Amino acid sequence: MRILVVEDEARAGDYLKQGLGEAGFVVDVATDGHTGLHLAMAQPYDLIVLDVMLPGLDGWTVLRRLRQTATGRQVPVLFLSARDALADRVQGLELGADDYLVKPFAFAELLARIRTLLRRGPQREDDVLAMDDLRMNVPARTVTRAGQRLHLSAREFNLLHLLMRRQGEVLSRSEIASQVWDMNFDSDTNVVDVAMRRLRLRINDPVPGRLIHAVRGMGYVCELRE
């Protein structure tokens, strides 16, 4: 899932990007209100974490304009702000925010609130993804094949998560790099192929029946083949 963080403090933005990334999310960071609003309207996000005091446009204005658009009407928004007055919290909720968390905050609480908001969303993902005898428990971040636990790294889990969410779709290397590594893909870089080779060994080898396949000249696909 992709999250947009709109936060003008560089250290706070880096902290959120790293923490949410380690929790399995793809994170974009905007450091001012204009950029945040542009990104929120230009591409779909599963959730937006929004500061109130921002350069350019403040968080109130960003949310107000976002809620006036078809793109931004449904996306969950969590205000994350040092403004802790009751009037501020009420204003944020009345403008259409789904939650309001005051700084300083515990990251565990932020993560719990984000996951709660995502579970409420209309596009809620299944907690368990399955293909043949491969099972992924997304909240628990566990994977089994034929009942055997597979010990994957955080990157391998995120890579498999993407493939299983998009079962039957051929995903290009550039899309995989964007979704899992959150980077622009250089065609001369083999980072995706190396990671996919390791993941395929872990998933395909324990039992008969290969589930992850390379598609020559196109990318990779997760599907059951006879």
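**Two sheets and their surrounding helices**

In this predicted model, strands β1 and β2 run parallel and are joined by five bridges. Within this pair, Val 5 is placed opposite Val 29 of β2. Strands of a sheet pair through backbone hydrogen bonds, in either a parallel or an antiparallel sense. The β1-β2 pair belongs to an open sheet of five strands, ordered β2-β1-β3-β4-β5, in which the pairing is parallel. The edges of this sheet are formed by β2 (26-30) and β5 (99-102); each has a single partner strand, so one side of each is left without a neighbour in the sheet. From one strand to the next, the twist averages 20 degrees.

Elsewhere in the five-stranded sheet, β3 pairs with β4 (residues 77-81) through three bridges, in the parallel sense. Here Val 49 stands opposite Leu 78 of β4. Strand β1 is mostly covered, with five of its five residues buried. The covering applies to both faces of β1: Arg 2, Leu 4 and Val 6 are buried on one side, and Ile 3 and Val 5 are buried on the other.

Helices lie across this sheet. Helix α1 crosses β1 (2-6), β2 and β4, and its direction is at about 170 degrees to β2. Helix α2 (residues 33-42) lies across β1, β2 and β3, at about 160 degrees to β1. Ala 10 is part of helix α1, which covers residues 10-22. A residue counts as exposed over 50% relative accessible area; Ala 10, with a value of 52%, is therefore exposed. Between the C-alpha atoms of Ala 10 and Asp 127 the separation is 33 Å, and the two residues are 117 residues apart along the chain.

Asp 51 occupies the loop between β3 (47-50) and α3 (59-67). An unreviewed UniProt entry carries the annotation "modified residue: 4-aspartylphosphate" for Asp 51. The cut-off for a buried residue is under 20% relative accessible area. At 4%, Asp 51 is therefore buried. Leaving aside neighbours within four places in sequence, the contacts of Asp 51 are Val 6, Glu 7, Asp 8, Gly 59, Phe 79, Leu 80, Ser 81 and Lys 103.

Arg 67 is located in helix α3. Its relative accessibility is 17%, so Arg 67 also counts as buried. Residues up to four places away in sequence not being counted, Arg 67 touches Gly 72, Arg 73, Gln 74, Val 75, Pro 76, Val 77, Leu 95, Gly 96 and Asp 98.

A further open sheet has four strands in the order β6-β7-β8-β9, with antiparallel pairing. Its edge strands are β6 (128-131) and β9 (148-150), each with a single partner strand, so that one side of each has no neighbour in the sheet. The average twist from one strand to the next is 25 degrees. Strand β6 and strand β7 (residues 134-137) run antiparallel and are joined by four bridges. In this pairing, Met 131 is opposite Leu 134 of β7.

Helix α6 lies across β6, β7 and β8 (142-145), and runs at about 110 degrees to β7. This helix comprises twelve residues (154-165); at 1.5 Å a residue its expected span is 16 Å, which agrees with the 16 Å between its end C-alpha atoms. The expected span uses one less than the number of residues. Nine of the twelve residues of α6 are buried, so the helix is mostly covered. The buried residues of α6 are Glu 156, Phe 157, Asn 158, Leu 159, Leu 160, His 161, Leu 162, Leu 163 and Met 164.

The largest nonpolar core contains 27 residues, and Leu 134, Met 136, Leu 160 and Ile 176 have the most contacts inside it. At least two residues of this core come from each of β6, β7, α6, α7 (173-181), α8 (191-204) and β11 (219-222). Helix α6 gives the most, with six residues. Leu 160 touches Leu 134, Met 136, Val 143, Leu 152, Leu 199, Ile 203 and Ile 212, when residues up to four places away in sequence are not counted. A second core, separate from the largest, has 21 residues, including Leu 39, Val 52, Leu 54 and Tyr 100.

Technical notes:
Residues numbered from 1 in each chain as written. Predicted model: local features only at pLDDT ≥ 70, side-chain atom pairs only at ≥ 80, totals over all residues. Heavy atoms only, no water. Buried < 20%, exposed > 50% of the residue type's maximum accessible area, 1.4 Å probe, protein only. UniProt positions renumbered as here; feature names shortened; annotations may be inferred. Contact = heavy atoms within 4.5 Å. Pairing = 2+ DSSP bridges. Axes fitted to C-alpha atoms, helices over the stretch in contact; angles between N-to-C directions. Core = buried A, V, L, I, M, F, W, Y, C linked by side-chain atoms within 4.5 Å.
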